[in-house]
Amino acid sequence: MTVLLTGAAGFIGMHVAESLLARGERVIGVDSLNAYYDVRLKQARLARLEAMPGFGFINADIADREAMLPLAAAQVEVTRIVHLAAQPGVRYSLVDPFAYVEANVMGHLVMLELARRLPRLEHLVYASSSSVYGGNCKLPFAESDRVDHPVSLYAATKRAGELISESYGHLFGLPQTGLRFFTVYGPWGRPDMAPWMFAEAILEGRPITLYDGGRLKRDFTFVSDIVAGVLGCLDHPAPANAPRVLNIGNHRSVEVRRFVDVLEEALGRQAVVVDAPRPATDVEETFADIEAIRALCGYEPSTPIEVGIPRFAEWFLSWRKGG
Ligand code: NAD
């Protein structure tokens, strides 16, 4: 069983690859190791994977069709794709909008073109995002909600990926599952995300910024729950002509202030808090309805923040000490 996994040097990608390798599958990782955040962190994740049997790596940009499409002939044994490579982050889309369209729209299209050329492909699972729900959906967010009001370019490009996938399912019978991830955190996390930025600032005695008094709420999902969900979905292919999109969250909406309280406790240090108004790219609350993924893929998240944050903090402290 060979899985092609894009974004293998990324936060979620590394964890998914480790679990696939641990259960004896071959994984071909693809990543451009771009400099959106600390490349040493990506290289350290990759080094962990390269130490495991069954892992192969291709350094390529998924939007580069000349590099990617020949993989269909070179990697005929691939039966499943996990496509996680993307330009993430809602706020950076105000800084470099083109990076989002290149990776998340063009890159997504190239992956679908590659997928339909692979002779043995059974299932493509790709990353979407809770951000597609935008600002005017009722809670909890359900897959049947209308998602036509993205409040960031990131969200718009993730929704574009879903729509392109829908057309490829219809036209080419490509079995696909899009997963709308809800704020993933854990060891080996991303330096541009709040858990990392908060932890770093708390340890260095710098202030952290909480929007609207910390009352914004997020469905924080621990990475090992996400990994179990990705593998569960991979093992339950969508029907060829009916691509599906599923929420994958923790089904618990937590105030950011509460997240910080638990982080302070785990780090043994108090945060210095500065208040600011919520940016236009951010929604007030995210909260996942997970009934569909439960029923279709056996997904059952089991990690509350009181368990997940100490695990993240422990890893973070060791990473800062030099790994
Ligand atoms: P990440 O940035 O850590 O991982 C993405 C990886 O993709 C990186 O290693 C990066 O180098 C690589 N990459 C980016 N553009 C590429 C390109 N054009 N070609 C090849 N490689 C490229 O992010 P992550 O948190 O692991 O997110 C994985 C996926 O999940 C992304 O699609 C992201 O949009 C989605 N997602 C994540 C979260 C979250 O909370 N972490 C939430 C919603 C959605």
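**Exercise 1. Polar partners and burial of the ligand**

In this predicted model, an oxygen atom of the ligand lies 2.9 Å from a polar backbone atom of F11; starting from there, work out which side chains place an N or O atom at a comparable kind of distance, taking Y37 and K42 in turn, and how much of the ligand the protein buries.

*Solution.* Take Y37 to begin with: an N or O atom in its side chain is 2.5 Å from an oxygen atom of the ligand. Turning to K42, an N or O atom of that side chain is found 2.9 Å from a ligand oxygen. With the cut-off for a polar contact set at 3.5 Å, the pair involving Y37, at 2.5 Å, qualifies, and the pair involving K42, at 2.9 Å, qualifies as well. As for burial, the ligand taken alone exposes 830 Å², of which the protein buries 96%.

**Exercise 2. The shell around the ligand**

Determine which elements give two or more residues to the shell around the ligand, and how the residues of that shell divide by character.

*Solution.* The ligand is surrounded by 29 residues, and the closest are D31, Y37, Y154, K158 and V184. Sorting by element, two or more residues come from each of α1 (11–22), β5 (123–129) and α6 (153–172), and β5 gives the most, with three residues. Sorting by character, the shell holds 17 nonpolar, seven polar and five charged residues.

**Exercise 3. The packing of α1 and α2**

Decide whether α1 runs roughly parallel or roughly antiparallel to α2, and describe the residues that meet.

*Solution.* The two helices, α1 and α2 (residues 39–50), pack at an angle of about 5 degrees, and their axes are 10 Å apart. Because angles under 35 degrees count as roughly parallel, α1 is roughly parallel to α2. On the α1 side the contact is made by F11, M14, A17, E18 and L21, which meet R45, R48 and L49 in α2. By character, this contact comprises five nonpolar and three charged residues, with no polar ones.

**Exercise 4. Backbone details in two loops**

Identify where the cis peptide bond lies, and which residue has a positive phi although it is not a glycine.

*Solution.* The cis peptide bond joins L139 and P140, with omega about -10 degrees, and P140 sits in the loop between β5 and α6. The residue with the positive phi, of about 50 degrees, is L33, which is found in the loop between β2 (26–31) and α2.

Key
Residues are numbered from 1 along each chain as its sequence is written. This is a predicted model: local features need pLDDT of at least 70, side-chain atom pairs count only at pLDDT 80 or more; totals for chains, interfaces and linings use all residues. Side-chain values use heavy atoms; hydrogens and water are left out. A residue is near a molecule or strand if one of its heavy atoms lies within 4 Å of it. A polar contact is a pair of N or O atoms within 3.5 Å; within protein, one must be able to donate a hydrogen and the other to accept it, and residues adjacent in sequence count only if both atoms are side-chain atoms. Accessible areas come from the Shrake-Rupley method with a 1.4 Å probe; for residues, only the protein chains shown count as cover. Helices (H or I, at least four residues) and strands (E, at least two) are DSSP runs, numbered from the N terminus. Ala, Val, Leu, Ile, Met, Phe, Trp, Tyr, Cys and Pro count as nonpolar, Asp, Glu, Lys and Arg as charged, and the others, Gly among them, as polar. Axes are lines fitted to C-alpha atoms, for helices over the stretch in contact, and angles run from 0 to 180 degrees between N-to-C directions. Angles under 35 degrees count as roughly parallel, over 145 as roughly antiparallel, 65 to 115 as roughly perpendicular and the rest as oblique. Contact means heavy atoms within 4.5 Å.
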